[in-house]
Structures are given as C-alpha cells and as structure tokens.
Amino acid sequence: MQYHENILGTIGDTPLVKLNKITEEVPGLVLAKIESFNPGNSIKDRMALKMVEDAETAGKLKKGGTIVEGTSGNTGMGLALAARVKGYQLICVTTDKQSKEKIDVLKAVGAKVVICPTNVDPDDPKSYYSTAKRISNEIPNAWYADQYNNFSNKAAHYEKTGPEIWKQTSGKINHFIVGVGTGGTISGVAKFLKEKNKKIKIWGIDTFGSVFKKYHETGIFDENEIYPYITEGIGEDILPKNVNFDIIDGFEKVTDKDAAVYTRKMAREEGIFAGNSCGAAVRGVIQLKKHFKKDDVVVVLLHDSGSRYVGKIYNDEWMKKMNFL
Ligand code: PMP
C-alpha cells in the first residue's frame with residue numbers, strides 16, 4: 001500500500017513545468033515551479049511545518065498550545081494543517097486588504113481570524129504585526145511563529161525547495177526568479193543554489209510601494225517608497241530578518257496592473273491557475289529578459305493557487321473597477 005501517515009507527508013516535491021506561450025519573447029528555457037500542488041495550495045506549507053517542528057524541538061510550542069501568527073492567508077493555511085494534525089489551536093492575524101476567500105479558507109480549517117487595518121505603521125498598536133505579538137503575550141501557552149524573523153522559514157527552503165530545484169534541473173539552472181515577502185523563499189533557495197554554483201543569478205520580484213529594491217541598491221530604507229498597493233503576498237514596509245540582501249543579485253518591480261494581467265494570462269495561455277504574486281513573478285521574468293541567454297535555464301517560482309483570487313483578479317468587475325482591464 002502507498003499512503004502518507006497524514007496530510008503533512010504530502011508537502012513538497014512540487015512539479016516543474018515549462019512555460020510556452022506567455023514567455024515566448026524570453027530567451028532560454030523558462031520553467032515554473034508550481035507550489036499550488038502543496039496540500040494547502042501554497043509554498044507556505046513547507047515553512048509552516050518547519051517552524052512548528054523547530055518550535056516543538058526547542059520547547060517553545062507545547063502540547064495543547066496555541067499558535068499565533070500574522071499572515072496574509074497562505075502561512076495561516078500551512079500552520080492550520082500542522083495545527084490540525086498535531087492538535088494545536090491557531091489564531092491568524094491579518095489585514096483588511098486580504099481577499100475574503102483567503103480568510104474564509106482559514107476559518108474552514110479551524111483557525112480563528114483577527115482582522116487589522118492595512119494602512120497603519122508597523123509600530124502602531126493596531127497593526128497586524130503588533131496585534132499578533134500582543135495576542136501571543138496575553139494567551140497562556142501561546143507561541144508567536146513570526147515568519148518575518150523566524151529563521152526556520154528560510155531553513156525550510158534551504159533544506160527542501162532549493163535541493164528540489166537543483167535536482168529537477170540536473171544542476172543546469174542559471175537564473176532563479178521569485179516574489180519576495182518575508183524573504184524566506186528567496187533566501188533559503190538562493191543559499192542552496194549559490195553553494196552548488198555561485199554563478200546562478202537570483203532575482204527578487206518587488207512591488208511599487210515596497211522598500212526592497214531601493215534598500216538593495218542603495219542601503220537606504222526610504223519611507224517615501226512606502227504606499228498602499230494591490231498585489232498580495234510580496235513587497236514590504238519593513239526589512240524582515242529572513243531577507244538576505246547580499247545573496248540577491250537584483251530586484252525588479254512589477255506594477256499592480258501588470259501583476260494582475262499576467263496572472264490572468266497564465267490561466268488563459270498556459271492553463272496554470274496561479275495566484276497574484278505568480279503573475280508578478282512571470283511579468284518580472286519578461287522585464288528581466290535582457291539578462292538571459294538562449295541556452296539559459298530560468299526557473300520562476302509560483303507561490304500559490306488562483307482559487308484564492310476568484311473574487312479579485314479572476315473577477316472582471318473587480319478588474320474593471322481597478323482599471324486593470
Ligand atoms: N506570494 C504569496 C502569495 C505569498 O503569500 C508570499 C508570502 N508572503 C510570497 C509570495 C512571498 O514569499 P516569501 O515570504 O517566502 O518571501
């Protein structure tokens with residue numbers, strides 16, 4: 001018989017799929033690592049499980065405890081799977097910018113969801129960062145996962161995601177492109193790939209309204225770069241400890257409109273029903289094309305599934321309202 005002991009055994013080993021039409025103008029072989037194949041439909045299952053296991057080993061998360069996290073949904077889903085299987089409570093603190101589907105999905109897997117305003121400073125007591133911290137201090141036997149600063153996040157990608165990409169490309173990968181939020185994915189994968197071959201170029205996809213690109217290029221944390229934006233999951237108004245700026249070769253910013261339009265194009269032209277940040281990443285591959293040669297192997301990572309965006313990106317009325325169509 002072939003079966004897993006529980007759903008957590010199905011995390012990882014996601015497929016690599018060639019992009020054909022959408023990246024026609026890009027030199028080289030463009031391959032997408034499709035993370036919606038994880039049981040929680042996003043890459044975040046990987047790091048959520050690793051954070052929980054490491055917290056258990058360190059004695060920070062104890063039997064019957066409560067996991068608290070600030071999450072836009074995907075990390076919450078990953079934590080929920082681990083919480084269900086291992087018998088923990090879960091409280092997810094998120095912002096009012098997130099799609100309703102993401103919040104309903106978290107509730108479906110038994111999480112309690114607390115919603116905070118988006119447009120406040122990270123230090124504001126109402127921010128989702130501050131609220132998650134406060135709740136974890138108030139509740140007995142609670143553990144704050146803190147995906148931004150918890151190094152188990154990037155370790156998950158150093159131990160699993162990076163090696164998978166290396167093996168699937170038989171070590172032929174030349175460029176890795178991925179959206180950056182907490183920085184866990186890019187930093188973990190980049191460390192593994194650069195240890196194997198330091199010539200591999202690592203490109204981070206950023207949003208307009210985020211601090212990453214300017215900070216990487218100038219070392220300046222410029223508050224004028226911060227303003228509200230639409231793209232979900234990438235870009236930040238803080239510098240998470242999980243972003244290792246020195247192993248990233250460059251950041252590329254993609255507009256909210258291009259991210260949305262390319263997300264839809266992926267579904268229509270490639271049959272890949274992916275999330276909002278995936279459209280940003282694929283658009284980023286096209287914007288970066290002058291860096292690639294015809295024999296290069298370019299891997300772009302697609303973080304999550306389109307199912308979490310049916311009320312937004314995949315909804316014509318919403319797209320028209322945003323002036324994206
Ligand atoms: N895309 C989506 C949809 C996400 O939820 C996240 C996580 N915030 C990212 C991209 C960025 O990944 P990371 O946090 O590993 O940088």
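User: Which pocket is the space taken by the ligand?

Analyst: The ligand takes the space of the largest pocket. On a 1 Å grid over the protein atoms alone, a pocket is an open set of points with protein on both sides within 12 Å along at least five of seven lines. A molecule sits in one if more than half of its atoms lie within 2 Å of its grid points. This is a predicted model: local features need pLDDT of at least 70, and side-chain atom pairs count only at pLDDT 80 or more, while totals for chains, interfaces and linings use all residues. Residues are numbered from 1 along each chain as its sequence is written, and side-chain values use heavy atoms, with hydrogens and water left out.

User: What makes the contact of Thr 185 with the ligand a polar contact?

Analyst: The cut-off is a pair of N or O atoms within 3.5 Å. A side-chain N or O atom of Thr 185 is 2.5 Å from a ligand oxygen, so the pair counts. For Asn 74, a side-chain N or O atom is 3.0 Å from a ligand oxygen. The protein buries 97% of the 390 Å² that the ligand exposes when taken alone; these areas come from the Shrake-Rupley method with a 1.4 Å probe.

User: Why is Cys 278 in no disulfide?

Analyst: A disulfide needs two cysteine sulfur atoms within 2.5 Å. The closest cysteine sulfur to that of Cys 278, in Cys 92, is 20 Å away, so it is too far for a bond. The structure holds 0 disulfides.

User: Why is Cys 116 called buried?

Analyst: Buried means under 20% relative accessible area (exposed is over 50%, partly exposed in between; 1.4 Å probe, protein chains only). Cys 116 has 4%, so it is buried.

Terms used:
Polar contact = N/O pair within 3.5 Å; in protein donor to acceptor, adjacent residues only side chain to side chain. 1 Å grid on protein atoms, 1.4 Å probe; cavity = no way out; pocket = protein on both sides within 12 Å on 5 of 7 lines; lining within 4 Å.
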